[in-house]
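Me: I am new to this structure and would like a close look at a single part of it. Please keep the sentences short.

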Amino acid sequence: MRGWQWAVRLLTRQMWFRAGLFCVFAVLLALASAFLGHTISYDFAAKVGSKSVDGILNLLASSMLAVTTFSLTAMVQAYAGATSSITPRAVQLLIDDSTSQNALATFLGSFLFAIVGIIALSTGIYGNTGRVILYAGTILVILFIVVTFLRWIQHIARFGRVSDTIDRVERAATDAVRMMMQPPRFGAEDNASVPSDAHVVHHEKIGRITHVDLAQIGEVADAIGADIHLVSIPGHLVDPAKPLAWVRATIDDDQACLIRDAFTIEHHRTFDHDPRFGLVVLGEIAARALSPAVNDPGTAIAVVEAATRVLAAALRHRPDEERSPPARVTVPPFAFSDMLEDVFRPIARDGAGTIEVGLRLQKALAALVVIDDRSTIDCRNEAQDAVDRGRTRLSSDRDIAELSRLHHTLWGNHGVAAS
């Protein structure tokens with residue numbers, strides 16, 4: 001995805017964007033009645049009874065203002081509830097929710113349509129024939145309101161709840177997995193260092209990478225006739241001391257600037273191209289649920305199951321040709337062990353004293369090995385860490401024995417999960 005496409009995508013997610021579009025449409029619809037009124041015959045206008053449009057617009061204006069205020073209040077309460085009881089990192093997914101944005105845009109646009117229509121009627125610019133078009137436009141807007149309001153009523157009943165938020169984070173993480181340009185890397189960490197004779201590109205900003213314009217980097221690689229190797233990928237924290245990329249060729253300041261500008265740096269991580277962030281947020285939800293103040297192991301188990309589905313998607317992921325990096329651009333893969341630790345380590349830590357969570361965690365890790373046995377070492381290490389924590393935190397000898405027995409059954413003496 002090119003940089004300008006990414007910028008447009010971010011723009012369309014803004015809450016004001018849809019509301020602004022609907023408001024513009026509403027104003028144009030209200031004003032178009034004055035200019036298109038001559039297309040309606042006077043006899044037809046007299047039969048329709050469009051004089052009642054005044055009362056309808058007044059009712060619409062008063063009711064839509066109240067509905068808009070109610071909807072905005074409900075959305076803010078959902079954001080506040082998610083921040084305090086789930087995790088602040090998940091709030092952005094609620095803000096980006098298309099159903100709530102469409103509802104707010106429809107209600108606010110309808111209010112503006114009614115206000116503009118009332119003002120225009122008071123000036124007398126419509127005439128009897130223009131009122132017919134305004135009347136038809138009002139009926140159309142009311143239909144929009146009814147459909148949107150019915151969807152909003154159904155949506156608000158679960159909007160911002162724990163289960164709804166878990167589902168949103170899971171979808172966001174799975175979508176980010178599908179955007180991965182390479183399958184995950186297994187086993188020990190790759191400590192490949194930057195060659196001493198390479199030209200290294202750094203960034204002067206400090207923040208998180210949210211997007212990389214690989215096409216732009218590929219153009220620079222073609223221009224210099226050398227491969228460009230990325231060191232930092234979406235989700236990484238960059239600073240002036242950490243390299244973004246390196247190349248075994250001489251590049252001028254303009255080419256280095258093009259490489260640097262291909263990296264979008266923000267203060268906060270985003271879900272789109274960073275599957276690890278989705279897993280981190282899932283881990284935070286489970287950790288909050290396992291805190292003594294909440295004590296909700298059921299939510300932690302739901303998170304384990306959601307995270308397992310995300311990790312299974314990562315194991316099955318095979319990049320499409322369309323998402324493959326350019327021929328002369330090398331992109332480092334995500335380490336599967338890091339993905340496991342992002343979500344399962346906080347659950348193993350905070351759920352070590354809860355047998356139900358410990359058992360579910362062992363089964364989830366074993367299921368991942370069945371999907372792809374290349375993950376055996378990573379999953380076995382995480383399972384061993386979880387069982388070691390459980391043995392020190394569980395208060396019942398029976399629970400300790402049950403957890404140890406399940407761990408031995410699944411992993412055996414050879415460290416391979418049972419099928």
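How many bridges join strand β2 to strand β6, and do the two run parallel or antiparallel?

Reply: The model is a predicted one. In it, 4 bridges join β2 to β6, and the two strands run antiparallel. β6 covers residues 263-266, while β2 covers residues 207-212. One pairing can be picked out by name: V212 has F263 in β6 as its bridge partner.

β2 also pairs with a further strand. 2 bridges join β2 to β4, residues 237-238, and this pair is antiparallel too. Here R208 has L237 as its bridge partner in β4. β2 itself is mostly covered, with 5 of its 6 residues buried.

Now follow V212 and F263 to a neighbour. Both are touched by L230. The contacts of L230 also include L214, I217, L244 and A245. V329, T330, V331 and P332 are touched by L230 as well. That list leaves out residues up to four places away in sequence.

L230 has a place in a wider setting. The largest nonpolar core has 103 residues. L230 is among those with the most contacts inside this core, along with I228, F344 and L368. In soluble globular proteins, nonpolar side chains tend to be buried together.

Two of the contacts of L230 lead on to M181. L214 and V331 touch L230, and M181 touches L214 and V331 as well. M181 also touches P319, R323 and P325. M181 sits in the loop between α8 and β1. With a relative accessible area of 23%, M181 is partly exposed, because buried means under 20%. M181 and F334 are 153 residues apart along the chain, yet their C-alpha atoms are separated by 9.6 Å.

F344, named in the core, leads to helix α13. This helix holds 15 residues, 336-350. At 1.5 Å a residue, α13 should span 21 Å; its end C-alpha atoms are 22 Å apart, so the two agree. α13 bends by about 40° at F344. A proline, P346, follows within four residues. F344 and P346 are both buried. Other buried residues of α13 include F336, M339, L340, V343 and I347. The cover over the buried residues of α13 includes α11, α12, α14 and α15.

Take α11 from that list. α11 has 15 residues and reaches 22 Å from its first C-alpha to its last, close to the expected 21 Å. Of its 15 residues, 11 are buried. Among them are P275, F277, L279, L282 and I285. The buried residues of α11 pack against α8, α12 and α13.

Last, step back to the chain. It has 16 helices and 7 strands. Buried residues make up 46% of its 419 residues. Take the contacts between residues at least 6 apart in sequence: 82% of these join residues at least 24 apart. The chain exposes about 20400 Å², and carbon and sulfur atoms supply 57% of that area.

Note on methods. Residues numbered from 1 in each chain as written. Predicted model: local features only at pLDDT ≥ 70, side-chain atom pairs only at ≥ 80, totals over all residues. Heavy atoms only, no water. Expected span 1.5 Å × (residues − 1). Bend = angle between axes of the 7 residues up to and from the residue. Buried < 20%, exposed > 50% of the residue type's maximum accessible area, 1.4 Å probe, protein only. Contact = heavy atoms within 4.5 Å. Core = buried A, V, L, I, M, F, W, Y, C linked by side-chain atoms within 4.5 Å. Pairing = 2+ DSSP bridges. Areas by Shrake-Rupley, 256 points an atom, 1.4 Å probe, with all protein chains shown as cover.
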